[in-house]
Amino acid sequence: MLGLNRRDFAMLLLVAALALFAPFILNPFPTASGLSQFNAGYPDLMQRFVIFGIFAIGFNILFGLTGYLSFGHAAFLGVGSYSAVWMFKLLSMNVLPALVLSVVIAGLFALLIGYVSLRRSGIYFSILTLAFAQMSFNLAYSVLTPITNGETGLQLALDDPRILDAANTAGSVPVTSLFGLEMRSAVTLDLAGWSFTFSVGYYLCALIMLVAFYISVRLFRSPFGMMLRAIKTNQQRVNYTGLNSRPYTLAAFVISGMYAGLAGGLLACMDPLAGADRMQWTASGEVVLMTILGGAGTLIGPVLGAGFIKYFENIFSKINDSILHQWFSFLPDWMENLLVNIFYPFVGKGWHLTLGILFMLVVIFLPGGLVQGGQKIARKLGFGKKSNSDTPAE
Amino acid sequence: MDAIILQTLNGLDKGSAYALIALGLTLIFGTLGVVNFAHGALFMLGAFCAVTVSKLFQLSHKASEATGVDFMGQPKFEDVLYVKEWFGNDLGAWLIDWSVPLSILFAIPIMIGIGFIMERGLIKHFYKRPHADQILVTFGLAIVLQEVVKYFYGANPIPTPSPMAFRGSFDFGVMLGFDPNVIIYPYWRMVYFAFSLTLVGGVFAFLQFTTFGMVVRAGMADRETVGLLGINIDKRFTIMFGIAAAVAGLAGVMYTPINSPNYHMGMDFLVLSFVVVVVGGMGSLPGAVLAGFMLGILESFASLNEVKDIIPGIDQIIIYVVAIIILLTRPRGLMGRKGVMEE
């Protein structure tokens with residue numbers, strides 16, 4: 001169906017179901033209960049899940065298939081955000097032209113950087129992309145201030161031209177919308193203690209993520225995808241066979257740059273504001289973390305990794321020591337204090353430490369990421385398949 | 001003219017830091033073939049060795065006898081510093097004043113130890129894995145080290161001043177016949193420059209004039225043959241890793257008076273020092289030092305107003321531009337050996 005085999009189609013349906021029912025799935029605890037702080041079902045966070053999912057899917061097309069490790073992908077995210085906000089300022093508050101422009105601009109930018117960077121491979125490629133990204137970051141902070149508004153970040157203002165819908169700018173800054181459907185409007189459903197929020201913005205992001213995911217599945221299964229895998233396995237042999245590998249890697253780079261631009265544009269659509277810190281190299285490191293953690297080269301891994309890290313960043317980081325004391329209060333005092341002291345460095349503000357350790361463990365023991373881990377467990381339990389087309393061949 | 005001299009001097013201290021970090025990086029790459037993204041974290045750990053020493057010297061306890069009454073009428077107990085109690089007032093004060101240079105003694109064994117543990121515990125298992133994996137695992141390690149430091153020392157920069165004797169600035173201009181106060185240069189930066197030259201010289205002398213260094217150089221050229229001659233080259237490379245860690249750490253120790261250390265200073269330096277290594281040539285020690293100083297000076301020249309008027313923003317990107325040009329035209333870097341990591 002849709003040009004996919006049965007397994008892939010089932011996976012697409014699974015992702016679609018997860019995205020559709022996310023407001024329920026991520027809100028398992030009643031609002032009044034003590035565990036409600038682990039609910040992740042509010043629109044802002046769910047949007048981040050899917051947007052960074054798109055970003056990671058795109059990064060995976062480059063890193064997972066060709067093995068080229070880019071440390072500068074956040075630059076495309078930032079460029080996408082800036083172009084979307086400019087579209088809001090100049091043309092209209094409709095998200096469609098903004099998204100189109102951010103994808104196009106990020107694609108052009110990726111073409112330029114990719115054309116230069118892909119002349120080298122391995123570590124040199126990583127450093128070249130890193131250098132380009134840091135360059136864009138520094139420029140966005142300093143000289144390009146007329147375009148990027150420097151440290152403050154690019155924001156909407158009342159006196160922006162907004163050619164297409166100048167009439168409705170009276171009073172307050174208008175909100176982003178899709179043909180009148182406001183992005184931040186939401187419906188709340190109260191059900192016996194639970195409270196579920198369905199936001200327009202989230203469902204738009206989820207829809208786009210599904211399309212992006214579908215395209216990436218098709219790409220993975222296409223001859224083009226096979227070509228990219230061949231480059232990852234042995235680029236020299238590909239070259240000696242008489243095939244020029246550069247156009248293929250460049251195409252992969254541009255596609256993944258466009259995904260990043262799309263993610264950046266969506267970030268701006270949900271919250272019309274763009275800052276240079278989105279382009280910093282630590283932001284590029286984050287998408288690397290997501291992809292590796294979930295499983296590079298697998299289809300669903302990057303989405304899982306993105307969700308995992310964003311969940312940690314927003315939920316895990318809220319656990320402070322008083323909550324820990326609450327949890328362990330059933331124990332004797334000395335044991336409670338001991339346990340709190342042991343766990344405290346790893347939660348709350350220290351969640352990066354947990355993330356770093358987890359990431360190292362994944363790189364050392366599970367090069368296939370969480371997906372590989374899941375498959376290993378499934379096989380141990382006896383209901384895994386003999387061969388899994390998702391796992392990388394190496 | 002005076003501006004040129006001043007910018008050259010200003011570039012020297014940044015260049016020294018780049019050169020020292022890049023030297024360690026390329027030492028690790030040249031010996032073990034490992035791309036170490038945690039090297040900036042080692043620089044940061046060195047800086048926090050200095051912070052630790054100065055904190056240790058500041059430890060105090062309440063005096064047992066009251067020395068007077070405070071404004072509330074309660075008996076007042078003064079804080080007594082342990083160092084002053086143990087070593088006497090004068091020596092104690094001197095120790096506190098000189099805590100940064102003294103931390104070198106403390107930092108050397110600590111950093112070598114950390115280097116050993118890192119190499120034996122983690123890096124060892126990544127020799128056979130692709131460079132991408134090495135980058136990833138050391139990147140993870142850098143995050144962990146950074147967060148550990150953040151947990152113990154907090155997120156704010158911790159000022160650690162240089163000794164009284166080196167505060168203030170030296171008026172270079174007068175010596176060269178310019179007006180006073182045209183070319184002034186802080187004493188501590190001169191110390192830093194001299195220190196880094198000594199350290200670089202020391203590492204080179206160690207590699208050039210000792211038997212150990214000779215074996216290491218032989219191992220860098222052809223690891224397999226040295227191994228076949230019955231020399232345990234792995235052990236020596238581990239020691240070199242420790243030394244590289246110590247070089248980065250000492251660079252960090254002495255850098256603390258120039259910039260107050262905070263937990264992410266390593267990440268800030270890491271990207272630049274990688275660029276320096278690539279410009280100098282992967283695995284080339286003289287190349288790393290040369291490129292470090294060159295890029296440091298270039299950066300400070302680019303921040304001259306006259307230059308910025310011609311090309312705005314050049315000061316922010318000059319290093320990256322140079323790196324990109326070098327990588328595209330001469331991938332083995334300025335002084336890299338032919339055939340080493342060219343593709």
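I take two residues to be in contact if their C-beta atoms, placed from the backbone, lie within 7 Å.

I note that this is a predicted model, in which local features need pLDDT of at least 70 and side-chain atom pairs count only at pLDDT 80 or more, while totals for chains, interfaces and linings use all residues. Residues are numbered from 1 along each chain as its sequence is written, and chains are lettered from A in the order in which they are written.

**Entry 1: the two chains.** I looked up the interface and found 35 residues of chain A in contact with 32 residues of chain B. On the chain B side, α6 (131–153), α12 (265–280) and α15 (314–329) each supply at least two residues; helices here are DSSP runs of H or I with at least four residues, and strands are runs of E with at least two, numbered from the N terminus. I recorded that α6(B) gives the largest share, 14 residues.

**Entry 2: a helix pair in chain B.** I examined α1 (residues 2–32) of chain B against α12(B): their axes, lines fitted to C-alpha atoms over the stretch in contact, come within 9 Å and cross at roughly 70°. I therefore entered α1(B) as roughly perpendicular to α12(B), a term for angles of 65 to 115 degrees. Among the residues making this contact are A17(B) and Y18(B) of α1(B) and F269(B) and L272(B) of α12(B).

**Entry 3: G180(A).** I located G180(A) in the loop between β2 (177–178) and β3 (181–182) of chain A. I entered G180(A) as exposed because 7 other C-beta atoms lie within 10 Å, the cut-off for exposed being 12 or fewer. The C-alpha atom of G180(A) is 9.2 Å from that of M93(A), 87 residues apart along the chain.

Key: Buried ≥ 20, exposed ≤ 12 C-beta atoms within 10 Å, placed from the backbone. Axes fitted to C-alpha atoms, helices over the stretch in contact; angles between N-to-C directions. Parallel < 35°, antiparallel > 145°, perpendicular 65-115°, else oblique.
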